[in-house]
Amino acid sequence: MKFAIVVFPGSNCDHDAHYAAEHVLGQQAELIWHKDTSLKGADVVVLPGGFAHGDYLRTGAIARFSPIMQEVRRFADGGGPVLGICNGFQVLLEAGMLPGAMLRNASLHFHCEHVYVNVEQTDTPFTIACTPGRALRIPVAHGEGNYYAEPDVLARLEKNRQVVFRYVDASGQRTAAANPNGSLNNIAGLCNERRNVVGLMPHPERACELSVGSADGLVLFESAVKAVSEGAFAISR
Amino acid sequence: MTITNELIAQHGLTLDEYQRIVDTLGREPTLTELGIFSVMWSEHCSYKSSRVHLKTLPTSGKRVLQGPGENAGAVDIGDGLAAIFKIESHNHPSFIEPYQGAATGVGGIIRDIFTMGARPIALLNSLRFGSLEDPLVRRTMTGVVAGIAGYGNSIGIPTVGGEIGFDESYTGNPLVNVFCLGTSKATEIVKAVASGAGNPVYYVGAKTGRDGIHGATMASAEFDEKSAEKRPAVQVGDPFMEKLLLEACLEVMRTDALVGIQDMGAAGLTSSSSEMGSRGGAGVEIDVSLVPQRESGMTPYEIMLSESQERMLLVAKRGREGEVERIFEKWDLHAVRIGEVTTDGRLRVKHRGEVVADIPNKALTDEAPRYRRPTAEPSYLKEAQQLDLASLGKPLAVRDVFRRLLAAPETASKRWVYRQYDHMVRTNTLVLPGMGAGVVRIKGTRRALALSVDCNGRFVYLDPFVGAQHAVAEAARNVACAGAQPIGATNCLNFGNPEKPDVMWQFVRAIEGMGAACRALDVPITGGNVSLYNETDGRAVLPTPVIGVVGLIDDADRIARRTFQTAGDAVVLLGESRAELGGSEYLKVIHGVVRGVPPAIDLAREAALQRFLVDGIAAGLIRSAHDCAEGGFAVALAECCFDTGLGVSAELSRLETIEGFADIAALFSESASRVIVSVAPGAVEDVLSRAAALNVPAVRIGTVGGSRIRISVDGRAVLDESLTDSEALWSNGLEQYFERARAIA
């Protein structure tokens, strides 16, 4: 199977996602330039971390106008699995493919550190191989990861089980201290109602080998392989 | 126009230097030419006070692929690859405007690395500030850290380590030294040359504005109360533009359509055009009216001297223009042809067809003035080297000293800082910040590189010759503690006003010490930067020659960190301890003095110690290694425990010193060339015999385990502290200054 990793001019985790998919997981992976208009037959699309167009306006605000995004939207509308990591998550929010918005971190500082996230939902293409309730140790690295949504939107997200990842402490407890950025309800990642589009602030592609500190993130990519091979999230082309 | 004496002085030139310009040209210079000479002959660009001394440093070796003189140095790391690295200062702008000053410093050093054809893979920084009790200093530090983060994080290069020091002398003149490392194929290193008559000269990147004019001249003068007025001379960084330039330039370099490339850093278009021409033995003719401009009505003088950021000058091969232009278009950049290479060795600048400057390139570069400035031993030295412990009064209890040192900003955890830096992007960081030297793997090989920047300015102040040796030894020791063989170094020499004989004496003695240490430890200096005039209202900073060392690890699976690994492991102290409190953190924090002579250093012993560490870690015998630096043995031992949940018990021998200071000396003396290692109990004999074979002093002093930090001297317990409490002091020591400040705000 094939991963497509979209490259915006200011993406900087594109090579990391490519490396995780191709070298660690042993799958096919291709970098797709944001001005391209084809996903080249990919089974899974990843919007990587970075600063898509510099993000001097709002993070991800310009990226949604990149030509490839029409194709990404079409792919998602057809049921294809799309993963937005960090800036990729911000792009999905700006593109309206996931609800809500990001504010600056409550600390007002950029924050890079390993954190723990609980996988609450395993019926998405990126968590299907996860053990429910297991806390993953994955790094965050962002200045604007403070998730916000209007109260009614937030209530709907919780009711529909769209909160996929939540910040917890090492023992799996949801605490204020475990929340690195002030996100509402400790939200670290979401899915859409159809559950095929997932976004999260932590970087699973940075946690795929023990030598770099953790291999807990690999299960997200393994999930995608499982989901696609089982036809759970096949794309209706 | 008439060139008056006042105009000459405003340009930072002496009357003798002006006469030299007239003699070179055979006529009076134009205003544009005067501006060009003034920046190229500034201390910052010409190294006129330092060059004769820098020549004495060792710069060659079997691994050196590129020594000083290019954008950065390069060493061979095997597998057909080169490590390309350099350190640079951005001190003056960082005081005037901390965020942008630091950010553009990061931008500048990154450009130096990728113009060599290397992909930048790691950043480090060495920072100095005044006392954190001062709100202005906290504001400066907050801005500097945010600026480094803002630039490095956006462009996607991890900041994997660094060091921070504090001393009142840096209050009005912080030091911001930034180091960048990249890798490339050894055969594909790109040079900053212009050659081949008729080859097109391209300008690419951000438009030119009036920002930064005379930045190089600003960096070549002292600060005073009017410095804040120089704010317009600080540029504003655009990391997104630089990211585009980085990717586009690396793509152009892969085509072989490029002759040479240089970033427009200090002195902008002037230095890049004249230096590239000079290196290539060629001339460069440009028309500044073709330069993309951000503001209307800019004069040739302003265009040539602007230091707007994120701009590159490149020379392409004639006939390959289309290829080059297409790649830049892909990245939404416009490469603009502004001139061509000539045969006459001159920098000729035209403005709408009219010649406004016509100068031999060599006169601006190789033939710029050089001075052997007078030196004199500073008057403070003899007095400052006297240390009478008895005059300090009754020593504090060991426990109180220990707790205060753990919480001192210099020794405390720097987590508040490095948490703001993206230190993991590119997924190569094997040793995270705070765990020892930064270590990054080289994907596609089994190798890794370890990086460290170090300098103890107090030691250099008290004895520049010995202090500079300490700086080299400590940086090399830190990479050896990770298991890396030190293979190359870069230096950033931060000193005061070189026109003062005592400052020049510090500089010359430090260079001598640095050279001796680099030769003894076999780490050639492949490039670097000199930052002089670090003074405010006539007071110089502590002389701070920062050294960055790169070390090579053959097997990335065999690395060591500062932290103990397993309860029951044996703790071995390498090196010899003496009662050496001169220039120590103990004296500074507890007694508020910088006095005495720095610890003695035996370079042959240091070299043996480092060899032992590299071999022992590669053999899998050494499980953790951490050097004893500021705060001495006790602080280093505690740091081996932090982040592990493991305590330790250690037994030391008494050191000869005056009555009442024996325990203080045993725990907090800063004797050089000492490392705490942990080894499996079964490996102790092997480790001790290997050490003996290399003549490295090694003693088993204790065992890892428990929940306390216990130290005894000659069988008498002198310290018995809770690990949790100690770690809390260390963790909050730095952070508390900023959280407290925010609470007040």
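In the predicted model, the secondary structure of chain A comprises five helices and eleven strands. Its radius of gyration is 16 Å, close to the 18 Å that the globule rule gives for 237 residues, so chain A is as compact as a globular protein of that length. Along the principal axes, the C-alpha trace of this chain spans about 45 × 35 × 35 Å. Of the 237 residues in chain A, 59% are buried. Contacts that reach across the sequence tell a related part of the story: among those in chain A between residues at least 6 apart, 77% join residues at least 24 apart.

Chain A also meets chain B, in a contact that takes 21 residues from chain A and 22 residues from chain B. On the chain A side, α1 (14-24), β6 (111-119) and β7 (135-142) each supply at least two residues. The most comes from β6(A), which gives three residues. By character, the residues on this side of the contact divide into nine nonpolar, nine polar and three charged.

Turning to chain B, a good place to begin is its open sheet, in which six strands follow the order β1-β2-β3-β6-β4-β5 with mixed pairing. The edges are held by β1 (64-66) and β5 (159-166) of chain B; each has a single partner strand, so one side of each is left without a neighbour in the sheet. On average, neighbouring strands of the sheet are turned by 25° against each other, direction ignored. At one edge, β1(B) runs antiparallel to β2 (residues 73-78) of chain B, and two bridges join them. Within β2(B), Ala74(B) is the bridge partner of Gln66(B).

Helices pack on this sheet too. Helix α7 (residues 98-114) of chain B touches β3 (81-89), β4 (119-129) and β6 (175-185) of chain B, and its direction makes about 25° with that of β6(B). Helix α8 (residues 135-155) of chain B touches β4, β5 and β6 of chain B, with a direction at about 180° to that of β4(B).

How many of the ten residues of helix α3 (residues 31-40) of chain B are buried? The count is nine, and the helix is mostly covered. Among these buried residues of α3(B) are Leu34(B), Ile36(B), Phe37(B) and Met40(B), together with Glu33(B).

Helix α13 (residues 321-330) of chain B offers another pattern to follow. Its buried residues are Val324(B), Glu325(B), Ile327(B) and Phe328(B). These residues cover an arc of only 160° around the axis, which puts them on the same side of α13(B). An α-helix has 3.6 residues a turn, so residues three or four places apart point the same way. The face of α13(B) turned away from the buried side carries the exposed residues Gly322(B) and Glu329(B). The cover over the buried residues of α13(B) includes β7 (200-205), α10 (239-253) and β10 (311-316) of chain B. After α13(B) comes Asp332(B), with a positive phi near 60°.

Finally, Leu581(B) lies in the loop between β22 (570-574) and α21 (585-591) of chain B. Is Leu581(B) buried or exposed? With 25 C-beta neighbours inside 10 Å, Leu581(B) counts as buried, because the cut-off for a buried residue is 20 or more. Neighbours within four places in sequence aside, Leu581(B) is in contact with Tyr586(B), Leu587(B), Gly596(B), Ala665(B) and Ser669(B). By contrast, Thr644(B) is 63 residues from Leu581(B) in sequence and 29 Å away in space, C-alpha to C-alpha.

How values were computed
Residues numbered from 1 in each chain as written. Chains lettered and ligands numbered in written order. Predicted model: local features only at pLDDT ≥ 70, side-chain atom pairs only at ≥ 80, totals over all residues. Buried ≥ 20, exposed ≤ 12 C-beta atoms within 10 Å, placed from the backbone. Helix = DSSP H or I, 4+ residues; strand = E, 2+ residues; numbered from the N terminus. Arc of directions from axis to C-beta. Contact = placed C-beta atoms within 7 Å. Nonpolar A, V, L, I, M, F, W, Y, C, P; charged D, E, K, R; others polar. Pairing = 2+ DSSP bridges. Axes fitted to C-alpha atoms, helices over the stretch in contact; angles between N-to-C directions. Rg over C-alpha atoms; globule rule 2.2 N^0.38 Å.
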